[in-house]
Every structure is written in structure tokens, then in C-alpha cells.
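Let's take a look at the hollows inside this protein and at its aromatic rings. Here it is.

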Amino acid sequence: MEDLSFVPDLPSGPLDVYRNTASFDWKRLKLALEGDIELLKLKYRIWHALERDPLFAHNPVTPSVEEQKRIAQKQLKRILEYKFQTKQMIIESSYSARTRTVMTINEAIQSLNPSVSVKGAIGIYLFSNALLSLGTERHLKFYEASNVNKEILSSFALTEIAHGSDARLMRTTATYDPAQKQFVIHTPDFEAAKCWVGNLGRTCTHTMLFAQLITPDGTNHGLHGFVVPIRDPLTLETYPGLIVGDMGEKIGVNGIDNGFIMFNQYRIPRENLLNRTADVTEDGVYESSFSDPSKILGAALENLSAGRIGIMQESCHSISSAVAIAIRYAATRKQFGEKDKEIPLIEYPLHQWRLFGYVAAAVVFRVYIDSFTRLYLNIVEKSNAGIKVDHLSEAVAEVHAMVSCSKPLITWCTLHAAQQCREACGGHGYLKAANLGEIRSNHEPTVTYEGDNTVLSQQTGNWLLRQYESVLSGNGVDSPLGTLTFLKDHKDIMRTKFSCTETEELKTRKFIITTYKWLICYLLKQTHDKLDSELSKGLTRFEARTKTQVYKCKTLTRAYAEYLSLVFCIESIDKKEDSLKPVLNKLFNLYGLWSLDSHLVELYQGGYGNGEALARLLRDGVMELCGELKGEIVSVVDALAPTDFVLNSVLGRSDGNLYQNLQKTFFNHPGAFERAAWWREVVNIPPSKL
């Protein structure tokens, strides 16, 4: 058994009533959810270091937008000075170990200040990954300056004012000039200005620009990546030929200086083209390993998978923090009851129903993402090392499909959880000091950036339909990771009918996974048939696809993402220590049934269920599991939660002293007992008193 003494003990207090009923050690569960003891140690080392640093002290009053940007940049600079990831770690570690370390650092920081983690993720790690995956030896100087020496801060410039998700129609150009051996970057008009570029507004020195590459003969070779200097690293003065500005205040994460940029015949060296997939000779001849420009774009944008996985991991921390606050509050807040004996909110089945499903989701998501990240990094590491990966192209397509539906599932669920947790804490949840509003607002942009969720999930739908069509035509399924191999048995699966007579039959892996396989097969058939129907009317494939999105493809991709999280979770649970398996299995079952509850329409519509038994037993099963988890749930969120300093919630402190903590917060708020400085402006003073 690993020594977990580095994880601080929780203070004794009102929450002990529920902590003492748990059947497991919360520290063991925390390690199981983290997946690696060294990474858990690193996370605590970061949290303890930042808690002692005055620069990271919490401000009870929201600073101005400009001040938030200044603080975020200073905090990022300080974090880099701590050298949580040393040069030796960067140079000597494997790609997988190095990336997991970086992700852990980002997760630890995100829990404390999302603006800082995003600045670092974009400015250092996403930039570095792009250099490694899209660049060659000639770009190592940029990699070392960014990731090793921390001399430059970068940004990622893809989206334009008039085009976001449809990257093919970006209009910023990079035209090669053979006389000067340079690319000339140009923005034709404001609609083509790059925008929403994190770090660009005030601080970055370089940007990873994606622009249309045009050779001297006038041929447009599609979107390519370029390293473009923006500011002098010593003065942060913008270079001539650029119009760079800050986009202003946002709904949240205002520590990130999102900016816009326009290029006026701006020149960069030929060598700044990322040339792993294509290059331009000194004479202006375009050379590529691909003949299809769309494949070049696909290779370039595939780099975003790592960023999307990072978003999913950070979302897991956001939902973990939100449910920890709401559950601890529910265990200490008493309301109503019989004979003037007040009852904690957590005792009410309605309160359990509104929160416990999100706790289960937080656990399942963390286990899923940890397992999936290992799989993804293993494939990337082998590929980068030149080791043969069987069916690599098909595996990359499957990974892309998995990421493209899992990012929407997890980020949307986290957003809904934050709102539900806020409401479950009543009026107190609306306090800034509760931190639920900050979690919600700072998380919200994740449903849009690195791929708008609704648009992104359509890429999964396209992949799923290709697999289904392949099976219908008598061919196999291109699913080397095994997530869709069951499709070959789709006819037998579709003959399955609900036949359970008691809830215990539903609270099993077999029922949940079998039902999801049926659901995916049914939704695939519905979507495919709808697509065929529209095509038969003479619509183009593009037009027909737009007709299949609502109630068809959108629901399909969500069901597939839920299925993925459950399947990967099962594999991980079986590897956990025996003392944790009972509670993990209950959480798994709750998430599975809780998720299936939202698909009852499709389950009945497709004939899986007939009569009221399916809905009744499924919902009874959800409520029974909530009751079974009541005595475990506080210790579950203890395992999910960061330290009190990081959680930063007056409602969610681990000591459970809710009202004492509220009093301290109220009494210590700046100006709480002072008369308003503007009192003369609002009172009616008689002329005789003037």
C-alpha cells in the first residue's frame, strides 16, 4: 500500500457524521482517481507552494479586467519560475510521461485560476506540441525557447472574424516570395482578421498562425501552419506591419488577454513554415506528402486533439469542485423536518437526485479520461518514435471521433452540474465567496473553444455513419480500438428487448452496456435511414446531413460518448483495489442509469421497452442507488475535491463549519460595516441643512 501521508488529513467537524459511514478510505479513492501517486504528489506540491505565495492570495473583490490580466501573467511567470517541470524532466522523460506531467501541472493550476492554466496551455504546451507534430528540426529553436527556456510566450491563431468552425474558408494568406525567400502574410479585410487568440491581446511574443499558403504561380495549397513573431520579447512592443488589439471584457476568464490581429504584407522567413506535411523550396516549388489539401488540413488540425483532451481533464476538475461544494453544503445545511427537528438537505431524496448523478459523472469522467489519455499518448509516442502502429490511420480516425464527442459530453455536463450545484446551495450559492459562479463562468467557454461542441460532435457522427455503412455493405468495422466492434452484431442487438422485472437486474454492468449497444445501433439506423431518405429526394449529401442532425445524429453522438465513458470506466474499475470496487461500481451504475433516463424516448420509440416497466424500474433504480450512496457521498467528494485553499469556497470547506465560515466571510469583507462613501448622493438633504 502506497504511503499517502502527503495528503493532508481532513479536519474533524460536522461532516464526520457522514464521513464515518463511508465503507472506504477517501485517500485511497483519491489516488485511484488520480491514477499515479507521483502525479498526485506533484499536484499537492504545487497547491502547497502557491498557497504560501502572496501572489496567489484570493481577492474577495473582483479586480478590474486589466488587473486580472496583469495578475494572470505574473502568476504564470511565477509558476514557470518554480520549475515544477524541470529541464531534465523535459529532456529525459518519454513523450507520454512528459505530457502527463504537463497535464497534471495544468490541472492543478486550473483548479486555482483557469486563466493562468489556459495561458500556459496555449502559450507553451499547445505551441510546443504543434512544433513537435507539425514542424521539423529547423523549428527546435522555437521549441527550446518556449518549452525549455521559457523565453517566449505564444498564441494559436486559427479563428477569424467571419469564419470559425469552417477552417477551410479562412482568408488570411501567406504568399511565398522567392526573391526574398520569405512568406508575405496578409489580411485582406477585417472579416479575415484573426480573433479570439488567447495571449495575443497583451502578452504573447509569437503566434502559431494558420493561413492559406500561396505559391508564386498563384496556386492556393490550403491552410498551413507558420511561426510568426508578434512582439519584441524584451519590450513587448508590437512589430511594424501588424495591427494587434485586445478584444475587451468577456463573461469569464478575463485573465486571458484574447486578441485580434491583422497583417499588412508582413514578412517572415521561409523556414517558419511548419514543414512536416508540406514544404516550399527556395525557388517556390510546393512539395507535399499528401495530394489532397483536405488531408493536409486534417493533419494540421489533428494537433488539437491534445488540447481537447486537456479541456476534458480540466473540466473533470471543475465538476469535481462544484459537486464537492454542493455536497458538503447539503450535509451541513438543515431545512424543514417534522416536530421542529431540522433535517440536512442531503437526507432528502429530491436533493440526492439533483446532485448524486453529477457526483457519479465526475467519478466516471475522471476514470475514463485517465484511461483514454494513456491510450492516446501511447499511440502518439509510438508514432513519433517511428514504431509501427497497426492500423494507425484507422486508429487516429477513431481517436478523433472519440475526442469529438467526449469533449462535448464532458464540458456540457460540467456546465449543467455547476448550475445545478449553484441552485442546490440556494441564495448562499450566489455569493462570490461560494465560488460556484466563478466555476460556472470560467468553465463556460470550453463548450465553444477548441471546437464548438455542436459542430465538433458532427465529426463523430460522420465517422459512426461510415462504420455503419461499411457493415451494411458487408465489410468490417474500422475500429482498431474496439469501441465499435459490436456493430458487426447489430442485427442480433436490435432484436434485444427489455425483460427485467426488478431493479437489481438494472443495477448491473451487463444491463447498462447491453442497453447502450442497442441504443447506438438503433440511433445509427435511424440516422442512416433519414440520410438515405433525404438523398432520395434529390438533396446533396451536405443538405441531407443537415436534415439528420436534430433528434438523430446529435443524440447518437451523445449516446456513443456516454458509452465510451462507461466502457473505459469498467476496464479501470477492474484494476482498482478491492476495497474501492463496491463504491466505484455503485457510482458506475448510477451514472449509467441516470444517463439512460434521458434516452427513454428513444428506448420506447425503437421498441426496446414496451409498457411502463422500463421507465419505472430504471427510475426506481436511480433512486435506490442514490439512497445506497448517501452514506458514501461525502467521502467520495472528499476524494474529488482539491485543498480548501484551491476550492476557495465558504460553503465547501472541509471542516463543515458552514455558519462560522459564513460569519467570518461576511465580517471580513472589505467595507462590510462602513457607511457608503456616496451616501450624500442618495439622501434627501433639506435646503436648511445644506
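What is the volume of the second largest cavity? About 80 Å³. This is a predicted model, where local features need pLDDT of at least 70, side-chain atom pairs count only at pLDDT 80 or more, and totals for chains, interfaces and linings use all residues. Residues are numbered from 1 along each chain as its sequence is written, and side-chain values use heavy atoms, leaving out hydrogens and water.

A cavity here is a set of points, on a 1 Å grid over the protein atoms alone, where a 1.4 Å probe fits but cannot get out; lining residues have an atom within 4 Å of a point. The whole structure has four cavities of 30 Å³ or more. Here are the two largest:

| Cavity | Volume | Lining |
|---|---|---|
| Largest | about 170 Å³ | 14 residues |
| Second largest | about 80 Å³ | 13 residues |

In the largest cavity, Leu33, Glu34, Glu107, Gln313 and Asp370 lie nearest the centre. Helix α6 (95-112) gives the largest share of that lining, four residues. For the second largest cavity, the residues nearest the centre are Lys30, Trp47, His317, Arg366 and Leu640.

Now the rings: there are 20 aromatic pairs, meaning Phe, Tyr or Trp rings (six-membered ring for Trp) with centres within 6.5 Å; planes under 30 degrees apart are stacked, over 60 edge-to-face and the rest tilted. Phe263 and Tyr266 make a tilted pair, 6.2 Å centre to centre with 45° between the planes. Ring pairs also join Phe498, Phe511, Trp518, Tyr522 and Tyr608 into a cluster.

Key: On a 1 Å grid over the protein atoms alone, a cavity is a set of points where a 1.4 Å probe fits but cannot get out, and a pocket is an open set with protein on both sides within 12 Å along at least five of seven lines; lining residues have an atom within 4 Å of a point. Grid points are joined across faces, edges and corners, and a volume is the space filled by probe spheres set on the points. Helices (H or I, at least four residues) and strands (E, at least two) are DSSP runs, numbered from the N terminus.
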